[in-house]
Amino acid sequence: MTGELAKRWLETAPPAAPVVALAAGVLMLSLERRGRFDASALGAAAVLVPLAAAGALAPAAGSTGLLLVLGLVMALLARDRDNLLQSECTIKLLWVLGAALALSWAGVMLLSLATGTPVVIEQWAVLNLGLDPDFLWRTALPISLLLGVVLLGGAPFHFWAADLLQGAPAWLAPLAVVALQVSGAEWLAARLSGIESFHAGARAVADLLAIAATLAFAVGGLTLLVQRRPERRVGTLASLNGGLLLARLAFAREGLGGAGVIAGIVPRWSSHLVLALSGAAILARFLPVADARPDTPPVLFRRHAVAGIAGLYALFSLAGVPGTPGAGVWLDTAHAATRSGRPWVMLALTFAWIASLSVAMRQLREAVGIAPRVAPPPEPVPWQARVALGACAAGLVAQLKLWK
Amino acid sequence: MRSPVEWLSRGSGPRRTGIALCTAGVALLWAPSLLAAALGLELVAAAFWWWGRAAEDAPQQVTRWSWMRRPATALWLAFAIHAAFPMLAQAHHSVFSARGALLELARGAGTLDLFRTIAAAAVVWAGLELLAALPLTRAFSDLPGPFLGVRIWLPALLPAAGFAVLWRHDEWTQVAAVRQTAIVLLMITAVLAALRAYARRAWTASLRWLVVTDCALAALLVAGGAVTPTATLLLWLAACGAHVFLLAGELRGSAPRRGAQITRLWRAASGVALASLAWPTAIANGPGHLGRLSGVVWPGIAFTSGLAEWITVGRMVHAEERRKVMRADPALTLTHVAALLVLVLGPFALLVAWWGGFEPHWRESLAGLLPAVVGAWAGIAARQSRPRGVWGRLEGVGVASRGLARRVFALVVYIERRVLAALDGLTGWIAGAMHDLHTGDAQEYLMFLVGLAVLAVVLPLLR
């Protein structure tokens with residue numbers, strides 16, 4: 001089953017995108033080490049590989065893969081104890097993901113107790129008999145899905161993606177976010193496998209995920225509009241992309257998750273996200289915090305405008321600006337939402353897209369700034385960052401061509 | 001070596017880049033696709049921004065013209081809805097109300113109608129904001145543009161862009177609530193613009209506001225739907241084109257006013273063009289077409305037509321020649337050709353409208369034409385001071401009425417700004433209160449998660 005899923009997954013989205021993202025991550029890691037690649041850096045780079053692989057193939061890895069991803073991210077974040085921002089980020093993730101994992105497991109156990117079997121498909125068959133009171137599974141089912149929703153980063157759990165993008169180093173954050181989000185999708189898919197045989201449950205789950213997606217779009221869009229720090233904007237855009245996947249999972253055969261559905265939706269979504277997020281996260285490191293008064297452009301746009309534009313392309317793709325592969329991801333979700341007959345989800349999605357577009361344009365203007373009157377600063381942006389930005393943009397352009 | 005951004009930011013770079021962006025943007029606005037229109041407005045906004053960022057007072061200019069992204073965003077919204085609902089472009093529905101769409105939505109149906117209403121409102125928002133018809137940017141025509149070379153007439157481009165959006169994507173006229181709201185807002189804009197044009201003493205400032213008046217009247221004609229789109233476009237082109245040409249001419253040594261004959265020709269041409277536009281607009285928004293709403297809208301249009309005609313005909317005075325040695329000009333200049341074209345275009349557009357089925361009743365025609373004719377007559381009479389003595393005695397009234405017009409405009413803008421500031425304050429207060437709810441501590445997230453889980457457990461039990 002796992003092998004077949006991995007095969008289908010690789011057919012849908014060849015692993016070029018995670019490889020490019022991994023290369024960008026390694027380049028940024030080498031930049032942090034100032035060109036010196038010692039044993040510690042090599043270890044960190046080695047950890048990035050499973051993270052990139054998790055971004056590409058998490059469903060094939062199952063629950064063990066999820067735990068591995070969680071552990072690796074925590075370990076990498078906790079490594080640098082002197083970095084306050086990073087430590088705070090680790091604690092927040094640990095609190096929230098740990099608690100979500102515990103609660104979701106409690107939900108899973110509750111379902112097992114109610115049905116007398118730990119096998120998910122059998123649980124639906126038992127529940128379909130109607131022997132147990134409704135409130136038992138109606139309580140257990142949402143709790144068991146909690147980890148998936150939290151990991152996807154949809155609001156009100158959108159903070160962790162922004163925290164990670166701001167707190168974690170640029171070589172780790174994008175891969176970690178995508179790996180965690182794909183793990184969340186995998187959790188949902190695993191928990192909802194075969195639910196189509198239990199109609200009441202399928203309907204309840206579709207409604208639940210639709211509400212979660214609506215909330216993710218509405219709150220995420222509002223949050224995005226008030227944010228000023230580029231890294232946090234990128235993080236919130238990532239969480240909105242998580243909302244997109246949530247909506248797709250909710251509407252794919254009306255809440256029927258499972259391996260078949262996830263293999264049809266997630267690979268394309270994740271291969272875009274990993275590239276766009278890598279590019280946008282690197283770009284965000286070179287942009288200033290937004291100010292009410294326009295200022296001169298940062299050094300990236302003064303000395304290496306082409307690399308800056310490449311980074312902006314990645315950010316635009318994340319925001320779903322027309323002409324980028326990300327627009328296709330947003331549009332696919334919009335079509336799924338229109339077919340679902342739930343106008344409120346569509347309204348929230350429209351709002352989120354407009355907010356994303358506005359913020360992307362605002363970011364462009366802030367990046368280019370006002371015309372400077374003095375010569376640009378002498379220090380250039382390191383070549384590693386520029387190459388990483390270019391690689392991500394090239395990958396996105398290739399994706400756009402492939403998807404057309 | 002300078003980067004591309006640096007190169008485009010210095011020397012003649014901003015001028016050329018801005019002009020290229022603006023030209024491309026305006027051209028795209030006339031394309032039938034909403035994507036092209038959204039892209040076009042984005043490019044026009046980008047041109048203003050690019051000019052602004054290169055100006056001496058760049059921070060001020062960039063902030064001043066940043067609102068121009070709002071209309072572009074509104075068009076992106078309309079485009080997104082059309083992309084998500086491809087059937088919107090295919091379906092041709094009769095006029096329906098937004099309230100009905102909401103009621104249907106509450107019953108679980110009517111999604112398509114709701115989104116059609118939103119798309120129509122977005123298109124109207126974009127058009128109205130560019131036409132200075134929304135309180136957010138009412139007074140932009142009082143400000144010079146961000147680009148030094150053509151600062152004076154640059155804001156005249158924006159109402160024209162607004163008209164282009166409303167004319168090209170006229171599906172909004174099919175949504176009753178959106179159409180009626182737009183009609184009322186356009187009427188108010190036309191009145192305020194005419195008052196402002198009257199209150200301003202400088203001819204260039206008056207012309208900028210007359211362009212807004214022309215575009216608002218033309219948009220009212222689009223909303224009324226009494227004449228064919230081609231005729232509407234030609235009528236707008238004649239009236240607005242005349243004022244834009246005069247405005248551009250002021251930058252070229254007041255060429256349209258150099259000489260008694262050319263001044264008379266331009267006076268006649270712009271007067272006829274404005275009357276040609278005002279006449280069908282008044283009919284389209286009269287009781288026969290608009291019902292009870294015309295009781296509010298028609299007087300506004302009549303007042304605007306009369307006042308704008310008065311200003312157009314009466315304010316254009318022959319510019320005195322100050323040179324001692326005159327340059328030999330050709331008998332027929334570009335200014336002459338343009339004036340003749342404007343003179344012919346208005347009546348020709350009316351002919352096209354008649355050919356397309358515009359055959360109003362003579363009473364409606366008379367009522368529609370009367371304000372413009374009275375305004376033009378008063379303008380001519382005041383300039384010639386006939387009957388003798390009467391206009392001299394009314395001079396004091398003129399000064400007082402200009403002051404009154406200025407105060408009315410200022411009062412409306414003041415009230416609108418206060419209301420907006422109050423709304424902004426309320427939003428800030430709510431957002432601040434919500435922001436204060438969370439501290440950002442790690443423990444807080446844990447508590448939130450646990451609270452949510454408890455809620456998930458308790459809610460089904462309560463059911």
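B:Phe348 comes out partly exposed, with a relative accessibility of 43% (buried is under 20% relative accessible area, exposed is over 50%, and partly exposed lies in between, using a 1.4 Å probe and protein chains only). Keep in mind that this is a predicted model, where local features need pLDDT of at least 70, side-chain atom pairs count only at pLDDT 80 or more, and totals for chains, interfaces and linings use all residues. For bookkeeping, residues are numbered from 1 along each chain as its sequence is written, chains are lettered from A and ligands numbered from 1 in the order in which they are written, and side-chain values use heavy atoms, with hydrogens and water left out.

**How far to trust it**

- The predictor gives the complex an ipTM of 0.88 and a pTM of 0.88.
- Chain A has a mean pLDDT of 84, with 87% of its residues at 70 or more (pLDDT is the predictor's confidence in each residue, from 0 to 100).
- For chain B the mean pLDDT is 84, and 83% of the residues reach 70 or more.
- Within chain A, confidence bottoms out in helix α1 (residues 2-12) at a mean of 62 and peaks in helix α13 (residues 305-319) at 95.
- Where pLDDT is low, predicted coordinates should not be read in detail.

**Chain B at a glance**

- Chain B has 20 helices and zero strands (both are DSSP runs numbered from the N terminus: H or I for helices, at least four residues, and E for strands, at least two).
- Of its 463 residues, 51% count as buried.
- The accessible surface of chain B comes to about 21700 Å², and carbon and sulfur atoms own 67% of that (areas come from Shrake-Rupley with a 1.4 Å probe; for residues, only the protein chains shown count as cover).
- Among chain B contacts with a separation of 6 or more, 79% are between residues 24 or more positions apart (a contact means heavy atoms within 4.5 Å).

**Chain B: places to click on**

- B:Phe348 sits in helix α16 (residues 334-355) of chain B.
- Together with B:Val344, B:Leu351, B:Trp354 and B:Trp355, B:Phe348 makes up a nonpolar surface patch with about 630 Å² of accessible area (patch members have over 30% relative accessible area and no salt bridge; like charges are joined within 9 Å, and nonpolar side chains, meaning Val, Leu, Ile, Met, Phe, Trp and Tyr, within 5 Å).
- Helix α10 (residues 176-199) of chain B has 24 residues, which at 1.5 Å a residue should span 34 Å, and its end C-alpha atoms are indeed 34 Å apart (the expected span is 1.5 Å times one less than the number of residues).
- Since 18 of the 24 residues of α10(B) are buried, this helix is largely enclosed by the rest of the structure.
- B:Ala132 has a positive phi of about 60 degrees without being a glycine.
- Most residues other than glycine have a negative phi.
- B:Ala132 belongs to the loop between α8 (111-130) and α9 (157-168) of chain B, and it is buried, with a relative accessible area of 1%.
- B:Met447 lies in helix α20 (residues 442-462) of chain B and counts as exposed at 58% relative accessibility.
- The C-alpha atoms of B:Met447 and B:Ala319 are 77 Å apart, with the two positions 128 residues apart along the chain.

**Salt bridges in chain A**

- Side chains of opposite charge can pair when their charged atoms come close.
- The count over all chains is 14 salt bridges (a side-chain nitrogen of Lys or Arg within 4 Å of a carboxyl oxygen of Asp or Glu).
- A:Lys92 pairs with A:Glu88 at 3.4 Å, N to O.
- Those two are four residues apart in helix α4 (residues 84-115) of chain A, so about one helical turn separates them.
- A:Lys92 is buried at 8% relative accessibility, whereas A:Glu88 is partly exposed at 35%.
- A:Lys92 also forms a salt bridge with A:Asp163, the closest N and O atoms being 3.3 Å apart.
- With A:Lys92 in helix α4 and A:Asp163 in helix α7 (residues 159-167) of chain A, the pair ties together parts 71 residues apart in sequence.
- A:Glu88, A:Lys92, A:Asp163 and A:Arg232 are linked in a salt-bridge network.
- A:Arg342 forms a salt bridge with A:Asp207, with closest N and O atoms 2.9 Å apart.
- A:Arg342 lies in the loop between α14 (325-340) and α15 (343-368) of chain A and A:Asp207 in helix α9 (residues 199-226), so this pair ties together parts 135 residues apart in sequence.
- A:Arg342 is buried at 13% relative accessible area, while A:Asp207 is partly exposed at 31%.
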